[in-house]
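Colleague: I'm new to this one, so could you take a close look at a single helix for me and then show me how helices pack elsewhere in the chain?

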Amino acid sequence: MTRAADASVYSPDLLSNKYGSRPIKVLRRALQIFNGLGSFALKVWLDQLNGELDRKMRLRAIELRQTFTRLGPTFVKIGQGLSTRPDLCPPEYLEELSELQDALPTFPDAQAFSCIERELGRPLETVYSSISPSPIAAASLGQVYKAQLKYSGQVVAVKVQRPGIEEAIGLDFYLIRGVGILINKYVDIISSDIVALIDEFARRVYQELNYVQEGQNARRFKKLYADKEDVLVPDIFWDYTSGKVLTMEWVEGVKLNEQEAIERQGLKVLDLVNTGIQCSLRQLLEYGYFHADPHPGNLLATPEGKLAFLDFGMMSETPEEARFAIIGHVVHMVNRDYEAMARDYYALDFLSPNVDVSPIVPALRDFFDDALNSTVSELNFKTLVDGLGAVLYQYPFNVPAYYALILRSLTVLEGLALYADPKFKVLAASYPYFAKRLLTDPNPYLRDALIEWSRLENLLVQGKKDRDFSAKDALQPVLKLLLGPDGKELRDLVIKEAIRVSEAIILGSAIESFNSVPGPMRTFVFNGNASGPFTISAAEQQSLMELRAQVIKIWGLLQSSENFDPNLLQPILQVLQEPEARSIGGRVVGGISQRLAARLLQQVLRA
């Protein structure tokens with residue numbers, strides 16, 4: 001931390017004071033950016049006019065990559081984001097821009113080695129017994145060497161910061177922020193605070209310049225998420241780390257967008273992407289601490305089949321209230337409860353409390369009624385983002401900076417998956433996680449959502465696909481809610497359903513037993529009445545049998561879940577001793593008795 005004491009922190013006021021008095025330097029950089037991007041845009045426009053857009057696609061993609069590289073680290077970051085968006089860029093552009101992940105120009109090795117010695121305060125040969133003579137990879141903010149620690153022989157990656165990087169990105173963000181101020185002031189169709197989004201992004205990039213902070217981020221990330229056997233986070237060597245030099249464990253692996261290389265190792269890209277999605281959902285919705293820059297260069301497939309996360313410079317956090325609101329929002333979407341969806345935007349901090357959400361409801365209904373016709377699991381994440389974006393533009397929404405980073409994180413993962421399978425859907429892969437959280441999380445907000453989600457069988461089917469799901473965890477929060485002071489609504493529902501289910505099981509079993517008796521014997525036993533002792537219509541019999549089959553199926557799903565133990569029913573027996581539970585039991589028994597007595601009386605009167 002002492003070595004990182006002088007690390008820069010993003011401050012719009014400091015940048016304004018610094019560059020406001022340097023108009024010539026600012027103008028020179030503005031012209032450089034305009035000349036680079038403007039000439040590229042002009043060429044694309046002329047290609048379109050001349051009908052040569054497709055023929056010259058590869059050439060223009062190369063030119064754009066070269067332009068971003070010439071314009072420096074800030075624009076390299078923009079290019080990295082575009083390289084994982086097949087929904088925005090043609091394949092030729094994706095291929096070329098993907099080279100920005102690690103095929104960037106290097107700076108002289110002598111400068112890098114001098115930086116290491118200056119930062120660590122000792123000669124290079126006293127730290128590393130060997131170090132690669134040239135960089136293994138060059139990133140937007142630094143370059144990486146492969147080395148071996150002298151004291152232990154451990155193979156490590158040594159990241160060294162580019163010289164003059166703070167000056168370069170500081171000027172760029174000063175200019176970009178100025179454009180954002182103009183957009184906020186004069187462009188009415190964009191309701192989000194563009195300056196706030198730019199400030200958030202700039203703050204994250206400046207954090208990336210402090211390698212001690214990045215090391216702390218990696219340590220926290222490893223503690224939270226590397227408990228899963230299929231996730232790998234490298235260790236940090238603190239004695240050889242400073243504000244501009246980071247030494248971490250070397251990880252052997254293949255970038256996640258190199259499908260052929262991954263498959264040659266006997267691995268499947270989609271399995272790794274799914275691991276990334278499940279880990280990202282835990283990041284976003286359990287602990288709220290997430291990797292905000294998961295481009296292909298930062299995600300490696302190891303030979304053992306693990307997904308390795310690298311580069312922890314850009315991290316962000318989801319507020320606790322928003323985490324539960326996101327899960328509730330998905331439930332409301334599935335239930336098509338658009339009034340509740342609109343109210344979720346308060347908790348998500350999209351709307352101030354004084355905004356009336358009633359005009360937003362029809363817009364949500366128009367979009368989601370269309371989108372949900374195909375079932376939720378078939379929805380594309382991009383479809384949702386685009387549809388919600390259309391709604392956001394029409395109303396006074398303010399998209400928080402953390403939410404923009406969440407969208408970026410998930411769209412990057414979906415982009416990686418689309419390389420391997422154009423039909424891949426992030427929401428389909430996420431569905432089991434949401435189901436598990438609804439069934440197992442005791443949070444009051446999610447318990448309310450659980451009451452709303454009536455398709456228990458579907459929840460169990462989806463939840464069981466998550467490897468961490470267990471029946472015991474699913475039952476416990478339901479029991480707590482059932483007997484708690486806030487469970488009256490659920491108790492009434494449970495009593496009503498318990499009566500209906502018990503009747504279905506009792507009568508369904510009787511009907512099934514009757515149907516198993518041979519026809520002649522049936523006629524003999526019941527005095528020629530082939531339909532037996534039941535006065536139930538065929539439609540009602542079918543309904544009872546279907547309900548009974550559904551209950552048996554749900555029980556089967558619970559039994560087949562991981563770590564199932566019949567002893568998990570013990571808590572149910574224990575809670576039946578509580579006064580509230582005895583009241584529920586009495587009401588259920590009384591209800592069943594009344595239903596069966598009514599059926600018996602009906603049978604007698606008909607006879």
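Modeller: Sure. A word to settle before we start: a residue is called buried when its relative accessible area is under 20%. Keep in mind too that this is a predicted model.

Let's look at helix H3, which covers residues 57-71. From its first C-alpha to its last, H3 reaches 21 Å, close to the 21 Å expected for its 15 residues at 1.5 Å a residue. Now walk along H3 and see what is tucked away: Met57, Arg60 and Ala61 are buried, then Glu63, Leu64 and Arg65, and further on Thr67, Phe68 and Leu71. As background, an α-helix has 3.6 residues a turn, so residues three or four places apart point the same way. After H3 comes Gly72, with a positive phi near 105°.

For packing, go to H13 (residues 320-334) and H14 (residues 338-347), whose axes lie 9 Å apart at an angle of about 170°. Since angles over 145 degrees count as roughly antiparallel, H13 is roughly antiparallel to H14. On the H13 side, the contact is made by Glu321, Ala322, Ala325, Gly328, His329, His332 and Met333. H14 brings Ala340, Met341, Asp344, Tyr345 and Ala347 to that contact. Sorted by class, the contact has seven nonpolar, three polar and two charged residues.

One last stop, the cysteines: Cys115 is buried at 5% relative accessible area, and Cys279 is buried as well, at 4%. With a disulfide taken as two cysteine sulfur atoms within 2.5 Å, the count comes to zero.

Notes. Residues numbered from 1 in each chain as written. Predicted model: local features only at pLDDT ≥ 70, side-chain atom pairs only at ≥ 80, totals over all residues. Heavy atoms only, no water. Helix = DSSP H or I, 4+ residues; strand = E, 2+ residues; numbered from the N terminus. Expected span 1.5 Å × (residues − 1). Buried < 20%, exposed > 50% of the residue type's maximum accessible area, 1.4 Å probe, protein only. Axes fitted to C-alpha atoms, helices over the stretch in contact; angles between N-to-C directions. Parallel < 35°, antiparallel > 145°, perpendicular 65-115°, else oblique. Contact = heavy atoms within 4.5 Å. Nonpolar A, V, L, I, M, F, W, Y, C, P; charged D, E, K, R; others polar.
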